[in-house]
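Here's a quick briefing to read alongside the model. Take a look at the structure first, then work through the notes below.

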Amino acid sequence: LAEWKSEKERLEQSLEEVRERAQMDAGSLETKLQEVEKRAEEREKEARAEAERKVEEAKKEAEEAVQSVLQEAQERLQEEIKAKEQAMQEKEEQHAKEVEAKEEQQRSLVTKGEEEAQMKREELEASHKKEVAELKAQMGAARAALKQEV
């Protein structure tokens, strides 16, 4: 019986040691688990931060691309506007030349008409003077004839 009690005490002692070791191992495992969880959280934070950085970088690149496209579109519009303004100016200049040519043609016709009227006037005046001279000559001849008869 004493042997059995001694064995029981030794087994109880061993059991107590095993329990202590198990508690120590559990504490150690708990610590290791906390460390692993902490590292996992840090990695997750780093991954999240990296993802956010990449998202911001992508946003920035997209914004730059949009700005570039807008700038190109604005430049094309300005070129189109400039081309249309130049075409309009050329049309206006052409129209002004046509108007000037028509006005010149009208002035030429008026001048030609005035010249023709002046020539007709001169011809009529010359004809009138000739008729007057002929009539004066006839009157002079008639007077002379009258004088001779008288």
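Let's start with one side chain: Arg53 is partly exposed, with a relative accessible area of 41%. Keep in mind that this is a predicted model. Arg53 pairs up with Glu57 in a salt bridge whose closest N and O atoms are 3.0 Å apart. From there we can zoom out to the whole chain and then come back to other side chains.

**Overall shape**

- The secondary structure is quickly told: the chain has one helix and zero strands.
- With a radius of gyration of 63 Å, against the 15 Å that the globule rule gives for 150 residues, the chain is more spread out than a compact globule.
- Lined up along the principal axes, the C-alpha atoms fill a box of roughly 215 × 15 × 15 Å.
- Helix H1 covers residues 2-149, and Ala65 is found in it.

**Spacing along the chain**

- Ala65 and Lys91 are 26 residues apart along the chain, and their C-alpha atoms are separated by 39 Å.
- For another pair, Ser28 and Glu9, the gap is 19 residues along the chain and 28 Å between C-alpha atoms.

**Surface and burial**

- How many of the 150 residues count as buried? The share comes to 0%.
- The accessible surface of the chain is about 14500 Å², and carbon and sulfur atoms account for 54% of that.
- Ala65 has a relative accessible area of 42%, so it falls in the partly exposed class, between the 20% and 50% cut-offs.
- Ser28 also sits in helix H1, and its relative accessible area of 32% makes it partly exposed.

**Charges**

- Counting side chains, the chain carries 30 positive and 43 negative ones.
- The centres of those two sets lie 5 Å apart.
- Which residues form a negative surface patch? They are Glu30, Glu37, Glu41, Glu42 and Glu46.
- Glu41, one of the residues in that patch, has its place in helix H1.
- At a relative accessible area of 49%, Glu41 is partly exposed.

**Salt bridges**

- Side chains of opposite charge can pair when their charged atoms come close.
- With a cut-off of 4 Å between a side-chain nitrogen of Lys or Arg and a carboxyl oxygen of Asp or Glu, the count comes to eight salt bridges.
- Glu7 and Arg10 form one of them, with their closest N and O atoms 2.2 Å apart.
- Those two residues are three apart in helix H1, so about one helical turn separates them.
- Both ends of that bridge are partly exposed: Glu7 has 34% relative accessibility, and Arg10 has a relative accessible area of 45%.
- Back at the pair from the opening, Glu57 and Arg53 are four residues apart in helix H1, so they too are separated by about one helical turn.
- Glu57 counts as partly exposed, at 39% relative accessibility.
- Lys59 and Glu56 meet through their side chains in another salt bridge, at 3.7 Å from N to O.
- Lys59 and Glu56 both lie in helix H1, three residues apart, or about one turn of the helix.
- Glu56 is partly exposed, with a relative accessible area of 46%.
- Where salt bridges share partners, Glu50, Arg53 and Glu57 are joined into one network.

**To take away**

- When you look at the model again, start from the one helix and zero strands and the box of roughly 215 × 15 × 15 Å.
- Then find the negative patch that includes Glu41, and the network of Glu50, Arg53 and Glu57.

Conventions. Residues are numbered from 1 along each chain as its sequence is written. This is a predicted model: local features need pLDDT of at least 70, side-chain atom pairs count only at pLDDT 80 or more; totals for chains, interfaces and linings use all residues. Side-chain values use heavy atoms; hydrogens and water are left out. The radius of gyration is taken over C-alpha atoms; the globule rule is 2.2 Å times the number of residues to the power 0.38. Buried means under 20% relative accessible area, exposed over 50%, partly exposed in between (1.4 Å probe, protein chains only). Accessible areas come from the Shrake-Rupley method with a 1.4 Å probe; for residues, only the protein chains shown count as cover. Lys and Arg count as positive and Asp and Glu as negative; His and the chain ends are not counted. The place of a charge is taken as NZ of Lys, CZ of Arg, CG of Asp or CD of Glu. Patches are made of residues with over 30% relative accessible area and no salt bridge: like charges are joined within 9 Å, nonpolar side chains (Val, Leu, Ile, Met, Phe, Trp, Tyr) within 5 Å.
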